[in-house]
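Below are my notes on the two-chain model you sent, set out as numbered points. Please read them with the sequence and the coordinates open beside you.

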Amino acid sequence: MGDKKKQKLQPNQQRYQAFQQKREIKRPIFKNCIKAFLIGGLICFIGQLISTFYIYQFNFTEKTVGNPTVATLIFLTMLLTGFGVYDRIAQFAGAGSAVPVTGFGNAVISSAIEYRSEGFILGVGSNMLKLAGPVIVYGVFSAFIVAIIKTILTQWGGF
Amino acid sequence: MIFFWAFVVGGLICVIGQIMFDVFKLSPAHTLSILVIAGAILDGVGWYEPLIDFAGAGATVPITSFGNSLVHGAMQEAEKHGLIGVVTGMFEVTSAGISAAIIFGVIGAIIFKPKG
């Protein structure tokens, strides 16, 4: 809470704020980071296994193997999400399961399953990207800005 | 060796996410958006490609690679068609993540029933 907002509060409320801040449970940051590191690392390790398999089995190169790997991981996420396993992993791992694409897949798939009761068009169709929307929107917009700047610099700036 | 670095680099990116959750108290949506933007900027500067060469899936699996491949597709088209390519080429490289999420999302909704 900013200082400006604090000044508007009643003295009682200010005392409550201080009290509440003292009582707030400290998050075990270090422990959470270790968990996130282990699970996140493990997911990437599995991704690397899949990549290596595709490179040797289907003649993908190291540059093109990203796409099928991501698709396979999201397929696995669908199974884990459907059987309710992914939620339990997420509770343990925090960002470790949210930051890899599996977390993105989980956000899409879990809301698709959840809104099924509202019908396939208005429920699944319109709510599926509710959680993953910001990632797509700001990913595309920032990529647009970056690519525009880079294009102008390289094509007209002679860099 | 690439397996080891995939684990370490992927894990470290997740730790950055965890720190944004816990220390800066951001919501998952904020954290993921910031990471995607960071990926786009890193590719713009040209640092993400070397990271992929170095860590393989450790760099392609975290959500940062989404921003990276969006910029990549846009740049590929931009080289051929100029500025208009930035718009048309955006999803060229990164199509798999979004299409897989949508396809498997619908399939999941057909197969699985919501719980509780």
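**Notes on the helix packing and the chain contact**

1. The pair formed by α9(A) and α5(B) is a good place to begin, and α9(A) and α5(B) are oblique to each other. The model is a predicted one, and in it helix α9 of chain A, residues 133-156, packs against α5(B) at an angle of about 40°, with the two axes 8 Å apart. The verdict of oblique follows because an angle of about 40° is neither under 35 degrees nor within 65 to 115 nor over 145. The crossing of this pair is right-handed.

2. As to which residues make that contact, α9(A) contributes A:Val135, A:Gly139, A:Val140, A:Ser142, A:Ala143, A:Val146, A:Ala147, A:Lys150 and A:Thr151, and these meet B:Phe66, B:Gly67, B:Leu70, B:Val71, B:Ala74, B:Met75 and B:Ala78 in α5(B). Sorted by class, the contact has 11 nonpolar, four polar and one charged residues. An α-helix has 3.6 residues a turn, so residues three or four places apart point the same way.

3. A residue of chain B that also belongs in this discussion is B:Leu83, which is placed in helix α6 of chain B. Leaving aside residues up to four places away in sequence, B:Leu83 touches A:Thr151 and B:Ala78, and both A:Thr151 and B:Ala78 are also listed in the contact of α9(A) with α5(B). B:Leu83 counts as partly exposed, because 14 C-beta neighbours lie inside 10 Å.

4. A second pair across the chains is formed by α7(A), residues 101-114, and α7(B), whose axes come within 8 Å and cross at roughly 35°; this crossing, too, is right-handed. On the chain A side the residues are A:Val101, A:Phe104, A:Gly105, A:Val108, A:Ile109, A:Ala112 and A:Ile113, and they meet B:Gly97, B:Ala101, B:Ile102, B:Phe104, B:Gly105, B:Val106, B:Gly108 and B:Ala109. By class, this contact has 11 nonpolar, four polar and no charged residues.

5. How many residues of chain B are in contact with chain A when the whole contact is considered? The count is 64 residues of chain B, in contact with 64 residues of chain A. On the chain B side, α1 (2-22), α2 (28-45), α4 (57-60), α5 (64-81), α6 (83-88) and α7 (95-111) each supply at least two residues, and the largest share, 16 residues, comes from α1(B). The side of chain B that touches chain A has 45 nonpolar, 17 polar and two charged residues.

6. Taken by itself, chain B has seven helices and zero strands, and its C-alpha trace spans about 50 × 35 × 30 Å along the principal axes. Of its 116 residues, 57% count as buried. Among the contacts in chain B between residues at least 6 apart in sequence, 60% join residues at least 24 apart.

7. Two helices of chain A can be checked for length. For α3(A), residues 29-58, the 30 residues should span 44 Å at 1.5 Å a residue, and the end C-alpha atoms are 42 Å apart, which agrees. For α2(A), residues 11-23, the 13 residues should span 18 Å, and the end C-alpha atoms are 18 Å apart, which likewise agrees. The number of buried residues in α2(A) is zero, so this helix lies largely in the open.

8. Within α3(A), the residue A:Ile39 is buried, because 24 other C-beta atoms lie within 10 Å and the threshold for burial is 20 or more. Not counting residues up to four places away in sequence, A:Ile39 touches A:Ile89, A:Ala93, A:Gly96 and A:Ser97. By contrast, A:Ile39 and A:Lys150 are 111 residues apart in sequence and 35 Å apart in space, C-alpha to C-alpha.

9. Two backbone angles deserve a look, since most residues other than glycine have a negative phi. A:Asn59, which follows α3(A) and is found in the loop between α3 and α4 (66-82) of chain A, has a positive phi near 60°; A:Asn59 is exposed, with 8 other C-beta atoms within 10 Å. B:Lys25 has a positive phi of about 55° and is found in the loop between α1 and α2 of chain B. B:Lys25 is exposed, with 9 other C-beta atoms within 10 Å.

Technical notes:
Residues numbered from 1 in each chain as written. Chains lettered and ligands numbered in written order. Predicted model: local features only at pLDDT ≥ 70, side-chain atom pairs only at ≥ 80, totals over all residues. Contact = placed C-beta atoms within 7 Å. Helix = DSSP H or I, 4+ residues; strand = E, 2+ residues; numbered from the N terminus. Nonpolar A, V, L, I, M, F, W, Y, C, P; charged D, E, K, R; others polar. Axes fitted to C-alpha atoms, helices over the stretch in contact; angles between N-to-C directions. Left-handed = near helix turned anticlockwise from the far one by under 90°. Expected span 1.5 Å × (residues − 1). Buried ≥ 20, exposed ≤ 12 C-beta atoms within 10 Å, placed from the backbone.
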